[in-house]
Amino acid sequence: MQALQDYAALVTGGGKGIGRAVVDRFVAEGARVGVLVRAGADADDLIAAHGDAVAPVIGDVRSWDDNLRAVETVVDRFGKLDVLVPNAGVYDFSVPFEDQTGPELAERFDELMAVNVKGYLLAARAALEPLRASRGAIVFTLSSSSFHAGGGGVLYVTAKHALVGTVRQLAFELAPEIRVNAVAPGGTRTGLGGLASAGAEATRLDAVDGFDRMVAKTVPLGFLSEPDDHAAAYVLLASREAARFMTAVILPSDGGLEVRGGGRRRRG
Ligand code: NAD
């Protein structure tokens, strides 16, 4: 039996990267998946790959109406909602704090927080009633930047740390009907994009020179992960059978950053 047989899910930012890998794996595990995407081309790709098993909705996670429309689409198409994966995000490309003027910081804060934090809260709020009805689950995408400095600039690290509070508070408030957990990936080969307010909308993480070598050197397991490396962790936390007693868990999938240690160890 497939782990998510007959589940109905919604993934935000699921057109590319980690979100797309989650969509692909959920479908392979028997789920039908609504996907909130920004670009029409992503919607076309999803339908070409998965046909009726996906329901793409074009929208912006900063908009309450778009989040609500995405949830309603899943309920209309698939009859219920079992799992929500708030995942859409943007990056600050590690711009040093002191290199940003006050007004720049103010504008970039508003944009990054609106996507990476408000977008998660709006998706969770929009999904509340159907998730309660199905005794479902939320699986947020956090980051190694939820626990460690240096994997982004102050805005990204602040936002990802803030989401630890989101997971914990919602797990507390929404129990026992809805389990609330998260996956915290480390460095992953994706086209994670930058902030329009920083003139970096077209900048992509996978085009940053040396990103793969930097991650490989930093993590004990010694390589840059691919989006699909994290997908099984989402399946585990989504499954009401496998994760029946798990809530408020943030599962790292980061190559062992926690035990990076001080000196050095690796042989060969
Ligand atoms: P990605 O760019 O491939 O995926 C992010 C998706 O979010 C894109 O499809 C993008 O179109 C969408 N998006 C951005 N702003 C949006 C908006 N306003 N409304 C709707 N959709 C929007 O990058 P990714 O790395 O797969 O990012 C997914 C999540 O993973 C993010 O939350 C990111 O912070 C997190 N993450 C990434 C890494 C990494 O190294 N790539 C590591 C840890 C966590």
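The following exercises concern the ligand site and one helix pair in a predicted model.

**Exercise 1.** Determine which residues come nearest to the ligand, and how the shell around the ligand divides by residue character.

*Solution.* Begin with the residues around the ligand, of which there are 28. Among these, Ile18, Asn87, Tyr156, Thr188 and Thr190 come nearest. Next, sort the shell by character: 11 residues are nonpolar, 12 are polar and five are charged.

**Exercise 2.** Identify polar atoms of the protein that lie within 3.5 Å of N or O atoms of the ligand, and state what share of the ligand's area the protein buries.

*Solution.* Consider the backbone before the side chains. A polar backbone atom of valine 61 is 2.9 Å from a nitrogen atom of the ligand. For threonine 188, a polar backbone atom is 2.8 Å from an oxygen atom of the ligand. Turning to side chains, an N or O atom of tyrosine 120 is 3.3 Å from a ligand oxygen. Finally, take the area: the ligand alone exposes 820 Å², and the protein buries 92% of that.

**Exercise 3.** Name the elements that give two or more residues to the shell around the ligand, and describe how H4 and H5 are arranged.

*Solution.* The elements in question are helix H1 (17–28), helix H4 (102–134) and helix H5 (154–174). For the arrangement, two packed helices are described by the angle between their axes and the distance between the axes. H4 and H5 pack at an angle of about 20°, and their axes are 10 Å apart. Angles under 35 degrees count as roughly parallel; H4 and H5 are therefore roughly parallel to each other. As a last step, the handedness is stated: the crossing in which H4 passes H5 is right-handed.

Terms used:
Residues numbered from 1 in each chain as written. Predicted model: local features only at pLDDT ≥ 70, side-chain atom pairs only at ≥ 80, totals over all residues. Heavy atoms only, no water. Near = heavy atom within 4 Å. Polar contact = N/O pair within 3.5 Å; in protein donor to acceptor, adjacent residues only side chain to side chain. Areas by Shrake-Rupley, 256 points an atom, 1.4 Å probe, with all protein chains shown as cover. Helix = DSSP H or I, 4+ residues; strand = E, 2+ residues; numbered from the N terminus. Nonpolar A, V, L, I, M, F, W, Y, C, P; charged D, E, K, R; others polar. Axes fitted to C-alpha atoms, helices over the stretch in contact; angles between N-to-C directions. Parallel < 35°, antiparallel > 145°, perpendicular 65-115°, else oblique. Left-handed = near helix turned anticlockwise from the far one by under 90°.
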